[in-house]
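Okay, thanks everyone, I'll keep this short. Have a look at the structure first, and then I'll walk you through a helix, a couple of loop serines and the pockets.

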Amino acid sequence: MKLYLDTANIEEIREAVRWGVIDGVTTNPSLAAKESESFNEILPAICDLVDGPVSAEVIAMDYEEILKEARILAKVHDNVVVKIPVMPEGLRAVKTLAGEGIKVNVTLIFSANQALLAMKAGAAYVSPFIGRLDDIGHRGVELVRDIVNLIEWHSLKSEVIAASIRHPEHVPAVALAGSHIATLPFKVLKQMFRHPLTDLGIESFISDWKKAGKEL
Ligand code: E4P
């Protein structure tokens, strides 16, 4: 399973890329709004840092405007994937853009039906929001599993990006559900490295080595 970083913060992306574990980035308007730079500055900077797909979301709601924004975003860099919410005008635009060779990540997916429609329109990626489903008492990971099964049973081409990940345990859960990609907040990526037994183990290895007066 590929790991993307879900942020528009350049420093977080720079750090995660340095660790060698990041395959792409997803952003959304709320994440971009937290940053002081304009999105026009942020998007090319992210594309320069990351060797992989970078999702950038349209704000428009009607077909023509979505196409206009999507084409502008797609021109920024070959790795840009246009992110469009699942809605009729959006899916109409997905079909047109897919025909032009522009990859689209259909976002805000909360049901298998929405995923089916998005994939039928030609979405390269579908993003089920698992944390937001868990928040209202549904099972986000089960939706990921259902969409992966739909793709396999019907030989569809789209990839699933498990999104709205809230904690480290979501990551192996969506991997075991067959997700192709998980997109993580920087905080969750950092938490994935940590285990108290690893910290204790490192501490005791170093102190045993020093006590014995050994050198490399
Ligand atoms: C990913 O594409 C989404 O932008 C993101 O994962 C949403 O996460 P949230 O529910 O924590 O806002």
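So, one bit of vocabulary before anything else: when I say helix, I mean a DSSP run of H or I with at least four residues, numbered from the N terminus. And keep in mind that this is a predicted model.

With that, let's go to helix 5, residues 88–99. Just after this helix, glycine 101 takes a positive phi of about 85 degrees. What about the length of helix 5? It has 12 residues, and at 1.5 Å a residue they should span 16 Å; the end C-alpha atoms are 17 Å apart, so that agrees.

Now, which residues of helix 5 are buried? Those are Gly90, Leu91, Ala93, Val94 and Leu97. They cover an arc of only 155 degrees around the axis, so they sit on the same side of helix 5. Flip to the other side of the helix and you find Pro88, Lys95 and Gly99 exposed. And what do the buried residues pack against? Helix 4 (63–76), strand 4 (80–85), strand 5 (104–109) and helix 6 (112–121).

Staying with backbone angles, here are two serines. Serine 155 has a phi near 50 degrees, which is positive in a residue other than glycine. You'll find serine 155 in the loop between helix 8 (140–153) and strand 7 (159–162). Then there's serine 164, again not a glycine, with a positive phi of about 60 degrees. That one is in the loop between strand 7 and helix 9 (170–176). Buried or exposed? Serine 155 has a relative accessible area of 56%, so it is exposed. Serine 164 comes in at 9%, so it counts as buried.

On to pockets. The largest one has a volume of about 380 Å³. Its lining has 23 residues, and Asp6, Asn28, Leu31, Lys34 and Pro185 lie nearest the centre. Helix 2 (29–33) and helix 10 (186–193) are the elements giving two or more residues to that lining. By class, the lining of the largest pocket splits into 7 nonpolar, 8 polar and 8 charged.

The second largest pocket holds about 240 Å³ of space. It is lined by 15 residues, with Phe39, Asn40, Leu43, Glu57 and Leu73 closest to its centre. Helix 2, helix 3 (39–49) and helix 4 each supply at least two lining residues here. The class count for the second largest pocket is 10 nonpolar, 3 polar and 2 charged.

That's my tour; over to you.

Note on methods
Residues are numbered from 1 along each chain as its sequence is written. This is a predicted model: local features need pLDDT of at least 70, side-chain atom pairs count only at pLDDT 80 or more; totals for chains, interfaces and linings use all residues. Side-chain values use heavy atoms; hydrogens and water are left out. Buried means under 20% relative accessible area, exposed over 50%, partly exposed in between (1.4 Å probe, protein chains only). The expected span of a helix is 1.5 Å times one less than its number of residues. The arc is that of the directions from the helix axis to the C-beta atoms. Contact means heavy atoms within 4.5 Å. On a 1 Å grid over the protein atoms alone, a cavity is a set of points where a 1.4 Å probe fits but cannot get out, and a pocket is an open set with protein on both sides within 12 Å along at least five of seven lines; lining residues have an atom within 4 Å of a point. Grid points are joined across faces, edges and corners, and a volume is the space filled by probe spheres set on the points. Ala, Val, Leu, Ile, Met, Phe, Trp, Tyr, Cys and Pro count as nonpolar, Asp, Glu, Lys and Arg as charged, and the others, Gly among them, as polar.
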